[in-house]
Amino acid sequence: MRGRPILVRRLKLSNFRNYAGLDLCLGRGVTVVDGRNGQGKTNLLEAIYLMAIGRSSRGAADRQMVRSGAFEDFLAHAQVVGEAVTSSGGLSLQVDLSAGERIPGASGEAWHEAQRVQKTFRVNGVPKRSSDFVGLLKAVMFAAEDVDLLSGPPTLRRRYLDILTSQITPGFAREAQDYQRVLTQRNHLLKSIRERAAKESELEFWDVQLSIHAARIIDARLRVMNALDENMDPIHRELSGLNQTLSLKYSPSFETGHYEDVRDLSKMMLDGFREIRRREIGAGFCLIGPHRDDFSAKLDGMDVGSFASRGQARTAILAMKLGEAQLIGERVRDKPVMLLDDVMSELDEDRRRHVFDRIRDYEQVIITTAETDLSDVMGDLPVRRISIDAGRVVASG
């Protein structure tokens, strides 16, 4: 696979998760981060991935990424700074998480739970909107809990697809933000109409606006998913050793059928709004659109989320993730940083080898593990090791 390297050279953390402070230099090749469970290995990868997607890899609220002890201070503040090298040159990426003033009389924990944290972004010291920050650093993250991606709620799958689409489709992150803004306005209007505080005719403007943004989002998702579908099937055959077809199917919340372009898709959604208008007014919120869409993975026509064994689901998701990394390299010509969070321990020896053979040629691979020995898959490949204990690097070499 051709592609230009992406590399995180340095990572600095302040009050992020369980890290009071960290200044860590990272290099090319494979880095293994070891340590007992609960010491901060996953938090390290989350910080790197935060610089790629602008939000928690675990779907956590922003305030959960601020170290609890920081809320004892007058103004709680956490910061993630990364110095990266990309095809466009050097980048300094900075994410700040800042809380407001302390509530009088509130304890640190109460303050932590109650307060909203503001998240801001900088690129080379210049403030940026989140939509202009996301995707500058390309990264793919594997996590042990990803096994629930296909069997869990649709929100997990929409989030996964939108993160991938944001990394390879220019303007998608901003389109998603615009869609959410219009959706909020339309939901407020639907509720007002239900309460007889607004007129039904006022919906027409918002119907048109929402259908335009929705069509662009769905079209971008479908293009990415179709490309991912092509990549992951041969990878799955290699991982599983079986001649089974793995495919993805997008399930929109309204009837689309075949469409020629985004304008056709927008019209279909607009027609859908008009058909269910009375139902939406009764509900007080929008019943169709990309915020309610879903996708599924099929293994020889069998729904992986509903019928596959845990081992089959894990192999299918590994194929998706490896296909995702390949797709990023193909579309943006940059090989992403590969982040593997305690994935190897969940795999048998054959699958470990297959996964590692796929990722070893990436410029930077960071693997967390509670094991001390991964030589069965790495052989004599040079590996840097970092040991973490209670949010501190206790050994590096």
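At what angle do helix α4 and helix α6 pack, and how far apart are their axes? In this predicted model, helix α4 covers residues 154–168 and helix α6 covers residues 203–240; the two pack at an angle of about 90°, and 10 Å separates their axes. Two packed helices are described by just this pair of values, the angle between their axes and the distance between the axes. Angles of 65 to 115 degrees count as roughly perpendicular, and α4 and α6 are therefore roughly perpendicular to each other.

Let's look at who makes that contact. From α4 come Arg 158, Tyr 160, Leu 161, Asp 162, Leu 164, Thr 165 and Ile 168, while α6 brings Ala 220, Arg 221, Val 224, Met 225 and Leu 228. Sorted by class, the contact of α4 with α6 has eight nonpolar residues, one polar residue and three charged ones.

If you follow α6 onward, you will come to a bend of about 30° at Met 232. A proline, Pro 234, follows within four residues of that bend. After α6 comes Gly 241, and its phi is positive, near 70°.

Now back to α4, which also has a part in the pockets. The largest pocket holds about 660 Å³ of space. Its lining counts 26 residues, and those nearest the centre are Arg 55, Asp 162, Ala 173, Ala 176 and Gln 177. Asp 162 may look familiar, since this residue of α4 also takes part in the contact with α6. Two or more lining residues come from each of β7 (117–123), α3 (130–133), α4, α5 (172–194) and α6. Of these, α4 gives the most, with seven residues. The lining of the largest pocket is a mix of ten nonpolar, nine polar and seven charged residues.

And what about the second largest pocket? Here the space is about 400 Å³. There are 19 residues in the lining, with Ser 57, Arg 58, Asp 146, Leu 156 and Arg 159 lying nearest the centre. At least two lining residues each are supplied by α1 (41–53), β9 (139–143), α4 and α10 (310–332). Once again, α4 provides the largest share, here five residues. By class, the lining of the second largest pocket divides into seven nonpolar, four polar and eight charged residues.

So helix α4 is a handy guide through this model: α4 packs against α6 at about 90°, gives the most residues to the lining of the largest pocket, and supplies the largest share of the lining of the second largest pocket.

Methods: Residues numbered from 1 in each chain as written. Predicted model: local features only at pLDDT ≥ 70, side-chain atom pairs only at ≥ 80, totals over all residues. Heavy atoms only, no water. Axes fitted to C-alpha atoms, helices over the stretch in contact; angles between N-to-C directions. Parallel < 35°, antiparallel > 145°, perpendicular 65-115°, else oblique. Contact = heavy atoms within 4.5 Å. Nonpolar A, V, L, I, M, F, W, Y, C, P; charged D, E, K, R; others polar. Bend = angle between axes of the 7 residues up to and from the residue. 1 Å grid on protein atoms, 1.4 Å probe; cavity = no way out; pocket = protein on both sides within 12 Å on 5 of 7 lines; lining within 4 Å. Points joined across faces, edges and corners; volume = space filled by probe spheres on them.
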